[in-house]
Amino acid sequence: MAIPVEPEGRGYDKLYEEFDSPLWQQLRREAYGEDIGQHSWVTADELQEDISLLKLARASHFLDLGCGPGGPLTFVVGHVGCQGSGIDVSAKAIAAGRARAASLGLDGLVKLREADLNQPIPFASGSFDVVMSLDVILHLRDRLSVFREVARVLIPAGKFLFTDAGVITGAISDEEIRLRAVHGNTQFVPLGFNENMLGLAGFQVIDRKDRTVSLLKAATGRLSARLGHREELEQLEGSSYFERQQRYLETVIDLSQRGAVSRLMYLAESRGE
Ligand SMILES: C[S@@+](CC[C@H](N)C(=O)[O-])C[C@H]1O[C@@H](n2cnc3c(N)ncnc32)[C@H](O)[C@@H]1O
């Protein structure tokens, strides 16, 4: 069966149109427990843990790659008080992120811009102490080039933390790959691949944690929250889009429960080469 996917880099636009409506806020509360404006698998507790790992301080310059509507970015800036920049290919995400930063009184600290991560990162070398990217890397075409760009915009010994929800740790069928890739270009990589690419790009890997449990929790929460609001969502999204999203979430859940695809967090330090 042919499963339609969204055009390059625009797979999230439809979701971001309604991102801050009362219905979507309610869906996120039901799905994640705490709504921080995320559209990934990250939870508030997990992000709090990452802030400690990154040793962020008020003086830090922080960049979020593929920031979406700015939920995790504003969470970090709100907790730390640092300067935060975010880029995303979706204009709708950037507009929603600017509105979020303003509503939280963080517009003096948060700068957002539209940019495609398949192109060079639009910042000068050595601009940031820390770069984060949550559940975005799997959508990019050439991660070695992206990692090299991250190394360039970081200061020497700067930190890079990212999550990859597409690490293959078991058997996956072609049908499951198509269902999982509903948001557009999606790359699955074997265990060890990210470490090799980070090494080639001038990073030393400091830590790797399995974050599949939080993905499972968020995906199960999203699936049942969406089912509970089926009528409203079908009116908004149309029934075929609704069904596609449900099948996507069911596939994500099944793949993680079987241990076929894992979500891993990588923390690396730039060697400053
Ligand atoms: C799963 S969402 C994560 C959003 C955000 N990091 C969060 O945690 O809420 C993936 C994001 O990657 C962005 N994205 C996908 N391809 C991109 C590209 N080529 N350049 C920049 N952003 C991209 C999407 O627009 C989307 O906002």
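Here is a short tour of this predicted model, one selection at a time.

**Stop 1: the ligand**

Start by selecting the ligand and the residues around it. You should find 21 residues there, and Tyr16, His39, Ser40, Gly66 and Asp88 come nearest. Sorted by class, that shell holds 10 nonpolar, 8 polar and 3 charged residues.

Now show the side chain of Tyr16. One of its N or O atoms sits 2.6 Å from an oxygen atom of the ligand. Next, pick Leu117 and turn on its backbone: an N or O atom there lies 2.8 Å from a nitrogen atom of the ligand. Then click on Asn118, where an N or O atom of the side chain is 3.4 Å from a ligand nitrogen. How much of the ligand's accessible area does the protein cover? On its own the ligand has 590 Å² of accessible area, and the protein covers 97% of that.

**Stop 2: helix α2**

Select residues 22–32, which make up helix α2, and color Leu23, Trp24, Leu27, Arg28, Ala31 and Tyr32: these are buried. Why do they end up on the same side of α2? Look down the axis: they lie on the same side because they cover an arc of only 135° around it. It helps to remember that an α-helix has 3.6 residues a turn, so residues three or four places apart point the same way.

To see what covers these buried residues, add some neighbors to the view, including α1 (13–17), α5 (91–103), α9 (212–228) and α10 (230–237). Before you leave, step to Gly33, which follows α2 and has a positive phi, near 85°.

**Stop 3: helix α6**

Jump to residues 143–153. This is α6, a mostly covered helix, with 8 of its 11 residues buried. The buried ones to highlight are Arg143, Leu144, Val146, Phe147, Glu149, Val150, Ala151 and Val153.

**Stop 4: Thr186**

Finish on Thr186, in the loop between α7 (174–180) and β6 (189–190). Is Thr186 buried or exposed? Its relative accessibility is 15%, so Thr186 counts as buried, the cut-off being under 20%.

Show its side chain and you'll see Thr186 reach the backbone oxygen of Gly184 at 2.7 Å. Leaving aside residues up to four places away in sequence, Thr186 touches Leu138, His139 and Ala181. For a last distance check, pick the C-alpha atoms of Thr186 and Gly166: the two residues are 20 apart along the chain, and those atoms are separated by 8.1 Å.

Terms used:
Residues are numbered from 1 along each chain as its sequence is written. This is a predicted model: local features need pLDDT of at least 70, side-chain atom pairs count only at pLDDT 80 or more; totals for chains, interfaces and linings use all residues. Side-chain values use heavy atoms; hydrogens and water are left out. A residue is near a molecule or strand if one of its heavy atoms lies within 4 Å of it. A polar contact is a pair of N or O atoms within 3.5 Å; within protein, one must be able to donate a hydrogen and the other to accept it, and residues adjacent in sequence count only if both atoms are side-chain atoms. Accessible areas come from the Shrake-Rupley method with a 1.4 Å probe; for residues, only the protein chains shown count as cover. Ala, Val, Leu, Ile, Met, Phe, Trp, Tyr, Cys and Pro count as nonpolar, Asp, Glu, Lys and Arg as charged, and the others, Gly among them, as polar. Helices (H or I, at least four residues) and strands (E, at least two) are DSSP runs, numbered from the N terminus. Buried means under 20% relative accessible area, exposed over 50%, partly exposed in between (1.4 Å probe, protein chains only). Contact means heavy atoms within 4.5 Å. The arc is that of the directions from the helix axis to the C-beta atoms.
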